[in-house]
Amino acid sequence: MAIDTISSYYWDNIEEKDVVPKPDQLCVACQKINLQKLVEGAYELPRKKSEENAKLYKLHDDTFYAKDKSSICDLCHLIWRDYLDESRMQYPKNRSGPVYLSVFADSRSYADRSPFLYVSCNGSAKDYEDMKLEIFINKQDVVEDKLDKTLAELPSKLVIPSSSGSSSCLSLARNWLDSCLSFHTICARAGETECSLPTRLLHVGTFGDKIELCNTQGGLGSWIALSYCWGGNVGFTLTQKTKDELLGGVSLEHFPPTFSDAITITRNLGIKYLWIDALCIFQDSKEDWEAEAPQMAHIYSNAILTIVAESSVSFKDGILKNRPTGSACRLPWSPGSKQTIHLRNTKSEWFMKSPNSTWNSRGWTLQEDILSWRTLRYTKTEMEWTCASCLLREKTHRGDALFKDIQVAHRYNYGWRHSFRYDDWYKILGDYTSRSLSHISDKLPAIGGVAKFKAQTLGDTYLAGFWKSDMIWGLLWEHSDSQDRNKWPNLNLPIYPSWSWISWNGGVRFAACEELDLRVAEYAKVEAVNIDYATPSIYGAVKSAELIIAAPCLEPLTFINSKELSATTDDKFLSGLYGHMSWHHEFKTRHRWHAEQKYAVLLMAQRKSYGPKSRLVFLVIESISASEDLGAFRGHKNGKRFYRRVASKNTEYDAPQAIVGEDWPVKTFHIL
């Protein structure tokens, strides 16, 4: 079924009773506005420079007239509040003089010329400082004059309910899911409704029933998963004390708002089971958490749908709540006309979808989003649906194909599921490491679900955040910004394993390796990676890890004057290196000086740069003091010297081969 047909199915099957705006009040001046003539005049103008020739209609002689009438007139209130009021202005503060209206159609095609009403006080028909109001007909309104071609060509849009818990929204969500299951052949998965169930699920029943915790005992079925922010101590969770109560059934009103709303949505969607981590994993059992955390890939990827509480900052916040419907008002199509036209401010909060919600800043939610086959997102302003076939939004009430450039909310195209590459992993890590976690021990588990899901696709061995066959390039991570350390508040992050991105307190990037076609050569070779895992799962946390690597190197190097870096050298490369390390944030953070300290520079790889030039990528390591307590390791053990990573550097060269010669012998190093 075509996207347009599916879209019509969605919107023709929602209930109307929740979308009944109150009658608008207009002052005498605003009652005289003839939108019909303004729109027709805009359509008569040629496309080129039409904004310069648009007709100006003087609404008020002075801006303060709009202020005076804002208490009794909806349009004056909208103009004053969102445009003229000095406390709200983003541009020049001096707003005085007459208030003008003009209509400008933004598209050349008559069938798709969406008209906008501009409000200005500078006498121009269109200016980027103007207030821009979209003109549209409520999709549920009846067009009074079928012969009015201009009226018939106006955009038809939905005036969304003020609450995401309205029956209209619940019906729309049900229609989205039913239509995807019925019509989206790309989204269809064999045996989707008969998957192996997670260990525990909430049986939500129907309205009025108690909600029961179920031990599924390996049964088959379908379920919905919830992605949300804890936002503190949930209080009501699954523990040994609450187990019997949950197994016996709990009334809806006893659940925190976010959980109770998720239950309501699940019931409305006609799905029997709901998975919530706080209620399906024992929160007082380390053993149960270690057993269930590796199952995240299965739980989210095989859920029939994931409910995303994007606008909720905690379990107390709820999902189904009031939301801004846009700074809007209504006008008659012409004076005395029964036809109502809607105006909505395109610069209002309703139009601004910010990715910087609390949910989007949390580490765990990224993999929950990526793994989910379908998502129903509750943002601050609307509901959104994403699946492998389309992205649907309440605001635009249309379907957008996702097969080309349109990306889903987590910003990774659905194509990665079928052709995942190493550079996709590094892009995901760049996003993930800029997010926050409450527990440092979660840093690997919170992305382990994605790793587990894709290990089979890559056909490679996962090594605590790295892939064995691409290890050299993975080691070339860099910190993205020193300010990112604020992303991990109140965490005393250890600097080991120093060679891994998991040891960095903040965001990292993989600029040297994100584009596979720019790679030229690998000079280093990983001889072994010895990992002591903290849990039975290789996708969980690690206690310690040793990297044994052989690479062309410059060593031993020493820095003169104890902690001070010496720039007094005739060697251009070393001089540049010393200068680089003197300000390098990673070095300043990781360096631990001791009297017998030695340094080495390892040549790791070569990548293309602009034109004929290439970039060589280096790691800088320093020896660890014999007295430093590293648990299973010490600075010296059995005659071996251990090192830690302290910096990375990439430098552009016209002839990189000339850098590596007899002065760069291949040696083996043990890096902790």
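This tour moves through a predicted model, from its largest pocket to a covered helix, a set of salt bridges and the enclosed cavities.

**The largest pocket**

Begin by selecting Q283, W289, W364, H439 and D442, the lining residues that lie nearest the centre of the largest pocket. The space around that centre amounts to about 1000 Å³ for the pocket as a whole. Extending the selection to the complete lining brings the total to 44 residues. Colour these residues by class: 19 are nonpolar, 17 are polar and eight are charged.

Next, display helix 12 (286-292), helix 13 (296-302), helix 14 (363-371) and helix 16 (445-458), each of which supplies at least two residues of this lining. Which helix provides the largest share of the lining? Helix 14 does, with four residues.

**Helix 15 and its surroundings**

Now select residues 422-432, which form helix 15. This helix is mostly covered, since eight of its 11 residues are buried. To see them, show the side chains of Y422, D423, W425, Y426, I428, L429, D431 and Y432.

What do the buried residues of helix 15 pack against? Among the helices, their partners are helix 14, helix 16 and helix 17 (471-474). Strand 19 (462-463), strand 20 (466-467) and strand 23 (519-522) are also packed against these residues. Helix 14 and helix 16 have already appeared on this tour, as contributors to the lining of the largest pocket.

Stay with D423 and add R421 to the selection. The side chains of these two residues meet in a salt bridge, with N and O 2.5 Å apart. Is each partner buried or partly exposed? D423 counts as buried, at 3% relative accessibility, whereas R421 is partly exposed, with a relative accessible area of 42%.

**Salt bridges around R393**

The R421 to D423 pair belongs to a wider set, as the structure holds 19 salt bridges. For another example, select E382 and R393, whose side chains form a salt bridge at 2.7 Å, N to O. E382 sits in the loop between strand 15 (375-378) and strand 16 (383-386), and R393 sits in strand 17 (residues 390-393), so this pair ties together parts that are 11 residues apart in sequence.

Keep R393 in view and add E384. R393 forms a salt bridge with E384 as well, the closest N and O atoms being 3.6 Å apart. The accessibilities of the three residues can then be compared. E382 counts as buried, at 1% relative accessibility, and E384 is buried too, with a relative accessible area of 3%. R393, at 21%, counts as partly exposed, because the buried class requires a value under 20%.

Then select R189, E192 and R374. These residues are linked in a network of salt bridges.

**The enclosed cavities**

The last stop concerns enclosed space. The count comes to two cavities of 30 Å³ or more. Select L476, E478, V617, S648, K649 and N650, which line the second largest cavity. This cavity has a volume of about 30 Å³.

Finally, display strand 31 (residues 640-653), which gives the most to this lining, with three residues. Colouring the lining of the second largest cavity by class shows two nonpolar, two polar and two charged residues.

Definitions and conventions: Residues numbered from 1 in each chain as written. Predicted model: local features only at pLDDT ≥ 70, side-chain atom pairs only at ≥ 80, totals over all residues. Heavy atoms only, no water. 1 Å grid on protein atoms, 1.4 Å probe; cavity = no way out; pocket = protein on both sides within 12 Å on 5 of 7 lines; lining within 4 Å. Points joined across faces, edges and corners; volume = space filled by probe spheres on them. Nonpolar A, V, L, I, M, F, W, Y, C, P; charged D, E, K, R; others polar. Buried < 20%, exposed > 50% of the residue type's maximum accessible area, 1.4 Å probe, protein only. Contact = heavy atoms within 4.5 Å. Salt bridge = Lys/Arg side-chain N within 4 Å of Asp/Glu carboxyl O.
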